[in-house]
Every structure is written in structure tokens, then in C-alpha cells.
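Hello,

Here is the structure we spoke about. Please look through it first; my notes follow below.

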Amino acid sequence: MIDVVIIGGGVIGCAVARELSRYDLSVSLLEKTDDICNGQSKANTAIIHGGYDAKPGTLKAKFNVLGNKMYDEICKELDVPYKWNTSLVVSFGQNGHAKLEELKEQGIKNGVLGLSIIGQDELRKREPNIGSTAYEALLVTNGGIVCPYELTQAYAENAAVNGVEFYRNAEVTGVEKIDGGWKVTSKAGTFTAKAVVNCAGLYSDVINNMVSEDKLKIVPRRGEYYIVDKNYADMFHAAIFQLPTKMGKGILVSPTVDGTVLLGPTAEDIDDKTDTRTTAFGLSKVLKYASLTWEDIPRKKFITTFSGLRAHCDRDDFVLGEAPDAPMFFNAAGVESPGLTSSPAIGVYLAEMIADKLDSKKKENFNPIRKGIPKFREMSDEERAKAISANPDYAKIVCRCETVTEAEIREAIRRPVGARSVDGIKRRTRAGMGRCQAGFCTPRTLEILCEELHISPLEVTKFGGDSKYIDSYLFEKGDNENA
Amino acid sequence: MKREITCIGCPMGCRITAEVDGKDIVSIEGYTCNIGKKYAQEELTVPTRMVTALMKVYGTNQPISVKTSQPIEKSKIFDCLKEISKHTVMRPVQIGEVLLKNVCGTQVNIIATKELE
Amino acid sequence: MRNVDILIIGGGPAGLAAAISAYEAGSRNILILERDENLGGILKQCIHNGFGLHTFKEELTGPEYAQRYIDKVIEYGIPTQCDTMVIDVTPDKVVTAVSRGAGLEHFKAKSIILAMGCRERPRGALGTPGWRCSGIYTAGTAQKLVNLKGLMPGKKVVILGSGDIGLIMARRMTFMGAKVQACVELMPFSAGLKRNIVQCLDDYDIPLLLSHTVIDIHGKEHLEGVTVAEVDPKTLKPIEGTEQYYECDTLLLSVGLIPENELTNMAGVKISQATNGAEVNENLQTSVDGVFSCGNVLHVHDLVDYVSEESAKAGINAFKYVKGELKENEKTLEVVNGFGVSGAVPQRISQKIDEPISIMFRPRGVFKKAQVCIDVGDKQVATKKARIFTPGEMVTLKFKPEYLENSGNADKITVRVEVQQ
């Protein structure tokens with residue numbers, strides 16, 4: 001029997017894993033799909049929320065504010081790109097003042113500092129390209145942006161280096177109470193542990209409901225997005241929100257840490273927890289609302305579209321902590337927005353709680369520092385020359401659009417909790433995320449995966465399962481050697 | 001039998017219709033220049049095509065590009081491809097080298113269009 | 001820092017032709033930098049016929065056409081560096097490149113010829129809704145996998161876009177044993193060569209669906225099918241009720257080529273919105289002194305023969321520039337895209353030119369019984385008739401030095417289509 005099983009490899013599961021790895025505990029993380037960061041964590045707006053949006057007294061509010069304050073330290077320790085570029089909640093037209101005041105008051109109640117309402121002059125000085133009907137805005141000085149998949153990846157790597165075991169394709173099919181703990185049945189085998197942590201995102205209701213009578217229901221809330229080319233990186237400085245609706249924070253126009261611009265998301269409750277499709281209706285809605293903020297959206301300069309499913313809980317709040325009727329079963333359920341912002345705080349909260357209950361001590365040799373894969377595109381010429389002489393694979397550029405080298409791609413596969421698929425490489429290196437959307441790099445990326453994983457091109461997938469690239473070789477492999 | 005084709009002699013792409021009896025053209029109309037007339041006459045009786053294809057190279061998955069040394073009868077294209085697919089080539093190969101003689105009895109050869117060292 | 005007189009970025013048909021003509025004009029300090037393992041560029045994977053009719057009076061396949069130029073480069077001993085990627089070009093012509101063999105290198109060039117070619121528009125840029133499954137490729141990527149890597153993406157194919165690459169791949173996939181269900185084209189006409197429609201689609205009974213597009217993509221993990229709908233020819237919006245499902249495991253996209261101008265931007269060169277390539281004058285010189293552009297990176301061509309012709313001029317002019325012999329006029333006239341004309345190149349012509357030059361453009365639509373007119377200022381100076389102008393076929397006009405005589409204060413040259421009534 002091990003100490004802790006964590007169910008779910010998104011940003012929450014990986015944050016909990018890393019925080020638990022500070023302690024003298026045996027921890028395993030079970031991820032349903034072929035890779036970590038395959039759910040909400042890879043498909044969101046990448047915002048570090050200020051904390052004015054959540055209702056005071058909720059866990060969302062508490063952990064948003066706590067988490068926000070931890071970002072400097074965590075991103076420094078884990079080498080994750082982030083930026084304090086501020087947020088603006090903009091009222092288009094003159095009738096939004098009351099709502100902006102309400103959000104400001106809410107923020108103050110939640111303990112957020114640096115909130116103020118700004119008028120036309122300052123708004124247009126900060127954002128000269130904002131839409132003509134923008135009237136005034138709530139300035140959120142502690143708002144920021146982060147790379148959500150690099151954060152998740154960094155948490156996972158650091159956890160692994162500090163002893164956490166990761167299992168992929170390990171969908172949990174049953175959790176049962178046994179003497180001394182829990183029996184967790186999964187597609188990667190059966191585990192027994194003293195404690196279980198439910199970080200299963202969209203399926204956190206399914207997992208919770210296996211053990212607790214305090215039932216939860218998660219409704220997938222789909223959000224669709226556009227990504228606009230890096231050429232427009234300087235259009236907007238802050239993350240530009242519109243007034244929130246009852247479905248969520250509304251449609252944003254926000255720069256990302258990579259220099260692209262995100263438009264979205266919509267908010268649509270659906271039935272199917274696997275339906276990450278984009279729709280004509282959803283995408284047109286994004287453009288319709290985003291046009292208020294950005295009147296001249298360059299429609300010929302979209303890089304791609306995507307959609308993400310939020311794990312919206314029927315309780316309208318996070319469900320964190322020990323289940324009331326299931327001792328040593330801990331929930332981090334219903335973690336939708338502001339989950340990304342809250343993740344550092346949730347990780348610490350649950351880890352401390354579990355470590356305390358298991359009466360465990362902190363490790364002496366815990367290493368909190370994780371260095372990301374050195375990025376060729378960010379190096380100076382001297383650094384590049386040095387990198388190449390140490391590793392000639394740094395001279396071979398595979399992804400032209402994002403300037404990603406072979407060295408980085410191989411490293412992405414070789415690292416702890418490394419890439420096993422093309423999308424895995426994409427999230428860890430940005431190869432394939434650029435304007436040509438992997439048109440140029442795909443053939444070489446396939447080859448590198450084959451070399452590193454010792455598989456044939458017929459086995460390479462985009463994201464595990466059936467998502468294969470190659471159907472067959474041109475010619476039957478075979479015995480005809482007629483020359 | 002009534003036949004209709006698009007002329008490829010120039011971007012006009014005239015539609016040419018004809019009455020064809022086996023290998024004889026009984027009547028033909030729709031062409032607007034001599035290039036079209038000549039193209040149609042050939043295309044409607046014994047259409048031919050240059051075929052470019054890929055052939056297996058021993059010891060690798062990477063194929064070599066090949067072509068027919070002259071156009072072959074359109075009706076023989078798939079037989080020709082089938083015969084090509086049965087062959088494996090050994091390096092080295094020069095551009096223009098004959099890799100397969102008299103493919104499908106057409107008197108036409110399959111030649112390499114790429115050099116392999 | 002190595003000093004190079006003529007540094008050519010790209011060793012495909014454009015770069016090769018420019019290098020050869022620069023050499024033949026007398027230059028002995030040329031360097032080609034090519035990112036792939038060998039020279040030849042995109043021609044290496046264009047194993048089909050149709051190249052060289054104009055240049056060699058022979059019909060060659062892509063690799064054979066490329067080899068003619070590669071042989072000449074070898075014969076002349078023109079220095080080339082393959083497996084070398086240029087990562088920076090500054091406005092004062094310092095080029096940075098990386099390669100396994102030589103690490104990071106800087107070159108100080110007297111002149112640069114940008115010959116980087118173009119890339120394909122992906123599904124992401126179209127924003128086609130549906131699943132983000134595997135099995136979706138741009139036609140060129142599939143072409144590379146099939147023709148160079150010996151790998152078949154799938155067995156049941158739908159092709160979106162009837163540009164030449166899509167048509168060629170329709171035939172190639174059919175030859176390699178796949179079933180091509182349909183070629184779906186948004187516009188009411190195809191932008192591909194008629195010859196390719198006949199020999200790639202008609203020959204194999206592959207339906208060409210004009211005024212149609214893919215509106216939905218199905219398949220959670222791997223592509224299973226697409227929904228195709230008819231579109232209104234004017235608005236290009238899907239018509240409700242016309243949806244049809246096509247089962248397929250491979251979707252090939254041939255929906256546009258975009259010049260690959262990252263380096264051009266870094267060099268501070270002005271880019272034309274109309275072509276997405278550099279703005280050039282009659283010498284193919286860009287807005288940055290001594291930086292020239294040719295081939296697909298300047299504007300997307302249909303025939304490689306014209307790429308070679310254009311690039312040869314760039315090579316000669318680059319050498320002239322190096323010798324200080326390139327006469328540049330202070331005053332240039334802007335070449336304006338009039339009715340029916342898209343992407344005219346060059347975008348600027350000097351007030352006085354010594355030799356005739358070519359103006360190339362793409363017709364914006366299908367025009368029958370029409371003529372193209374060239375106006376200098378308000379004065380019509382030339383016309384060219386044709387039975388048909390179509391977007392699939394680039395038009396080349398001869399612009400003679402005498403057209404500029406008595407041009408007075410004219411600051412515009414307009415190229416426009418006139419349809420006879």
C-alpha cells in the first residue's frame with residue numbers, strides 16, 4: 001500500500017503531486033489519457049485572475065487570491081513564463097458603471113488590492129486600439145497571464161524528480177474502501193493507498209460519487225477560442241474582459257505569454273464530457289463579441305481555433321478537502337475558473353492537509369527548482385553558439401514558425417513525464433503551434449518520435465488512442481527483393 | 001457512341017463532343033482551334049498519358065521517383081502501376097536509368113527521375 | 001564573420017536560378033544557404049510531370065528539373081551550404097545561420113537574394129469547425145510523406161481546394177491505392193490548371209464540387225468523415241439543407257500558399273498586402289538596398305519555368321548592384337492593381353528603364369473575351385488580348401521603356417482588365 005494516489009494529471013493534480021513530494025510520502029498520479037495536461041489545463045484563457053470576480057466567502061474567491069500571490073515564487077522556482085500585464089474589465093457603452101463598482105467592491109471584500117475604475121482617457125492611453133464604444137473599465141493591477149501547459153508540465157516534472165510516479169492511460173474505474181485506506185482500480189493496474197486525491201476535472205463527480213453520498217454533478221461548459229497571429233502581439237497590453245454574465249467572465253481579448261492573441265471563450269453547457277469540438281455558431285459568437293474590444297479583427301490572420309470544457313459544478317464553487325463521509329478521500333472537484341490561478345494554493349492546501357493526516361515529515365532533499373527546456377528562440381547568439389557546441393541538435397531547426405530545434409524536441413521526450421505524442425511535443429516545445437500549424441515540422445517530428453520511442457511511424461499518434469498519423473507504408477514490407 | 005471531353009491545350013478548356021465508333025471519329029465539334037482538334041482526335045481514340053510513380057528501394061522506406069519513358073495507353077495505367085509496385089531497386093541509380101523494361105508489354109520503359117547514390 | 005557578395009537564402013528553383021545567372025554574369029562570390037539536406041527545394045517532392053516546357057522545351061518531373069540546375073551549380077563550383085537554416089537577416093545585410101556542421105555563423109553580405117519559397121495555409125487559419133483529430137494534412141505535407149518518406153496517410157480521401165497541389169495529390173493518392181471521394185472547391189471555378197483537372201480528377205472519375213466547402217469535421221481521435229455543403233457563389237456562405245456527409249480518413253487541404261516572409265520582415269523589408277511578398281521594383285530589389293526577392297516568396301507562381309526566369313533576373317541585378325552598376329532612379333511610379341487584377345509585381349517601376357520588363361499578376365476572376373490594359377498616368381499605353389483570363393494562370397505583360405516616354409508627372413501605372421461588351 002502506498003501513501004497517496006492522485007487521480008487526474010491536469011494542473012491541479014500535478015500541483016498537488018508536487019506539493020506532496022515535499023514530504024516523505026509514496027505518491028502515484030493516475031492520468032486517464034496518454035499525457036498529462038490533456039483536459040481543461042491545456043484549453044483555457046491562460047489568465048492569472050485578480051480575484052474580483054468570485055463571490056466573497058466562496059472557495060473560488062479564497063483560493064484565487066491566495067494563488068495569485070504565489071505566482072511570482074512558483075513561476076520562478078519552476079521556470080514558467082508569466083507576465084503581470086494587468087486585466088481590464090471594460091464596459092462598452094455607458095450603462096456598466098454599477099456593475100464595475102460591484103466587481104470592485106467584491107474584489108476589495110476578497111482582499112484584492114490595486115483595483116480602480118478608470119475613464120476614457122486613461123483607458124485609451126493604456127489601450128490605444130480598444131474599440132470605439134469602450135467607455136470605462138475596472139483596472140486590475142494584479143491580473144496576469146501564464147502558460148498553463150508549461151505550468152502543468154513543470155509541476156509534473158518537479159514532482160517526478162522528487163519521487164512521484166506517473167501512470168498514463170490509467171483511467172480509474174473504481175474506488176473502494178478497504179482496511180487502512182482505498183483500493184483504486186484503473187486501466188493501468190490496481191493501486192492501494194492510504195489516501196486518495198480526486199483531481200479528475202470533468203470526471204471529478206464520477207470519482208467523488210464512487211465513494212461519497214455527498215453527490216456532485218459536473219456539467220461540461222464548453223468555451224471556444226480563436227488564436228490570432230503573433231504579428232498582432234502589440235495590439236493590446238492587458239487582458240481585456242467584458243462585463244461578466246451568469247455563465248462566466250465573458251469573451252476576452254488577451255495577449256498570451258507567447259505573443260499570440262486569444263479571443264474567447266464562449267460558455268455553453270453541453271452533455272458530452274468528451275465533446276471538445278468547435279462549432280460554427282460558437283466561433284461566430286466569439287468574433288461577434290470580441291469585435292467590441294477589437295473592431296478590426298484580422299480575419300486572415302488566425303492561427304487556429306480550439307475549445308475547452310470547464311468542469312462546472314452544480315454547487316457553483318470548488319469542492320476542496322476531505323469528503324464528509326469518506327475519511328482520507330480528498331476532493332479538488334469542480335475546479336473550473338479560477339482554477340489555474342488557484343492551483344498553487346490548492347496544491348499547498350491539500351498537500352499540507354494530507355501530510356498532516358498521515359503524520360509525515362518534510363523531505364530533506366526536496367528540490368523545489370525545475371529548469372525548463374532551454375529555448376533556442378529565446379537565446380542570444382552567444383548562448384546559441386554555446387548550446388550548439390554542447391549539443392549539435394540545437395543547430396537543427398525543426399519548427400520554422402516557432403524556431404524550435406531538434407534538441408528541444410528530443411529533450412521534451414526524454415524528460416520525466418515526457419512527450420509520447422505529437423501534441424505532447426507541441427505543448428512542451430511549441431513545435432507545431434505556429435502559423436503553419438505543423439505543416440512543415442510534422443514529417444521530422446514523426447521521425448524523431450520513432451527514434452526516441454523505438455516505434456514505427458504507423459504507431460505515432462497525435463494524442464494517443466486512435467489518433468494515428470500514418471495508415472501504412474507505400475509498399476508492402478516484404479520478401480520481394482527483385483532488383 | 002457520343003463522347004465529351006475538355007481540351008487541355010490552353011486555359012480556355014473548350015468542351016469538345018464527338019461521335020466515336022471504336023477507333024474512328026465519325027464527327028467532332030466544339031473545338032475552336034487546331035490544337036484542340038488534334039488533342040481531341042488523339043484523346044478520343046487512343047488516349048495516352050505519361051505516368052509518374054514511386055518505386056521501392058531496397059533497405060529503406062524512402063521510395064525513388066520514376067516515370068514512363070513515353071506516354072502509355074491510359075487504359076494500361078493501373079496495370080503499369082501494379083507492375084512497378086512489385087519491383088525493388090538497388091542503389092546506385094542514375095537519372096534516366098531504365099529500371100523496368102517494356103512495362104506491361106507497352107514497349108515503354110520505366111526510368112528513374114532521381115539520382116540515388 | 002564571412003563576407004559574401006551575393007548571399008542567396010534558399011536552394012530551391014529560385015535560389016538555384018539566381019545563383020547560376022549571377023555566376024554567368026561574372027560573380028565569383030556567391031553562397032547559397034539551404035535548410036534541407038539537399039538542394040532542389042519543393043521540386044524534390046514534385047515527382048509529377050509538367051516542368052520545363054518553356055525552359056528546356058521538354059517535359060520533366062520536378063526532381064529532373066531541379067537536377068539540371070543543381071548540375072550547373074556543381075559544374076560552376078558555386079558554394080552551397082545545406083542543412084543550414086538562416087535565422088536572422090538585419091537591415092544592414094548581416095545574415096545569421098545555424099548548422100550542425102558549422103554551428104552559428106554570421107555573414108556580411110553585399111547583396112541578399114530572398115528565395116525562401118512559401119508555405120501552405122492550414123486548417124487552423126480557415127477555422128473549420130469540428131474535431132481536432134489526426135488525419136488532416138495540407139496537401140504539400142501529405143505529398144512529402146508519400147513521395148519522400150514512403151508513408152501513406154490514409155485510404156479514403158477528401159480534398160479541400162482545387163489548386164494544383166490538391167489536384168496533383170488526388171492523382172497521387174489514387175495511384176498509391178487510396179480512394180479519393182471528391183475534390184471540394186469553395187469558388188465557382190477552379191484555380192488549378194485545366195490539364196490537372198482532366199488528368200488528375202476526370203481521368204479517375206473524382207468529382208469536382210465547385211461552390212462547395214467543408215463545414216464540419218468528424219472523428220474524435222482519427223478523422224472519420226467530413227460534412228460538405230454547397231455555398232452561395234456571392235457570399236461564400238454555406239446553404240442550409242445542402243449538407244452531405246463524406247466518409248474519409250484523410251482530409252487534404254489545398255487552400256492557399258503564403259510566401260514565407262519571416263526573414264523578410266526581420267530585414268525591415270516592406271511587404272505588399274496584395275501578394276504577401278516583398279514590394280519590389282523592376283530590378284526585383286526590395287525597399288532595403290541590396291536585398292532582392294524572387295520566386296514564390298515574392299509571389300506565388302504556377303509554373304516553375306517563370307520562377308527560373310524571374311530569379312535569373314534577380315541574380316543578374318544582384319551582381320550589378322554589387323558592382324555599383326544598378327541604376328536606381330529617384331522617382332518611381334507605383335504599379336496599381338486595377339479592375340480584375342491582383343498582386344501585380346513589380347510594385348514599383350523607375351521613371352526611366354533601359355530594357356523591357358515583365359509585369360506579372362493574377363486575374364481576380366474568370367474573364368472571357370477580355371483584354372488587359374496598361375495605363376501610365378491617364379494614358380493607355382498597351383493592351384494584351386486573350387481568349388480567357390483565369391485566376392489559375394498568372395498573366396505576364398511586357399512593359400516597354402517607351403511606355404514611360406512623355407509620362408510627365410504620372411506617378412501611377414495601372415494594370416486593369418477590360419471586358420469587351
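Overall form of chain C

With 421 residues, chain C would be expected to have a radius of gyration near 22 Å if it were a compact globule, and its value of 22 Å agrees with that. The radius is taken over C-alpha atoms, and the globule rule is 2.2 Å times the number of residues to the power 0.38.

This is a predicted model, in which local features need pLDDT of at least 70 and side-chain atom pairs count only at pLDDT 80 or more, while totals for chains, interfaces and linings use all residues. Residues are numbered from 1 along each chain as its sequence is written, and chains are lettered from A and ligands numbered from 1 in the order in which they are written.

The C-alpha trace of chain C spans about 65 × 60 × 40 Å along its principal axes. Chain C has eight helices and 26 strands (DSSP runs numbered from the N terminus: helices are H or I with at least four residues, strands E with at least two). Of its 421 residues, 57% count as buried (20 or more other C-beta atoms within 10 Å of the residue's own, against 12 or fewer for exposed and partly exposed in between; C-beta atoms are placed from the backbone). Contacts are pairs of residues whose C-beta atoms, placed from the backbone, lie within 7 Å. Among those in chain C between residues at least 6 apart in sequence, 65% join residues at least 24 apart.

Where chain C meets chain A

The contact takes 40 residues from chain C and 41 residues from chain A. On the side of chain C, helix 4 gives the largest share, five residues. That side divides into 16 nonpolar, 13 polar and 11 charged residues (Ala, Val, Leu, Ile, Met, Phe, Trp, Tyr, Cys and Pro are nonpolar; Asp, Glu, Lys and Arg are charged; the others, Gly among them, are polar).

Strand 23 (residues 472–473) of chain A pairs with strand 9 of chain C in the antiparallel sense over two bridges (pairing needs at least two DSSP bridges). A:Tyr473 has C:Leu151 as its bridge partner in strand 9 of chain C.

Chain B

Chain B is divided into domain 1 (2–46) and domain 2 (52–112), with bounds from an automatic or database domain assignment. The C-alpha centres of these two domains of chain B lie 30 Å apart.

Regards

Key
Two residues are in contact if their C-beta atoms, placed from the backbone, lie within 7 Å.
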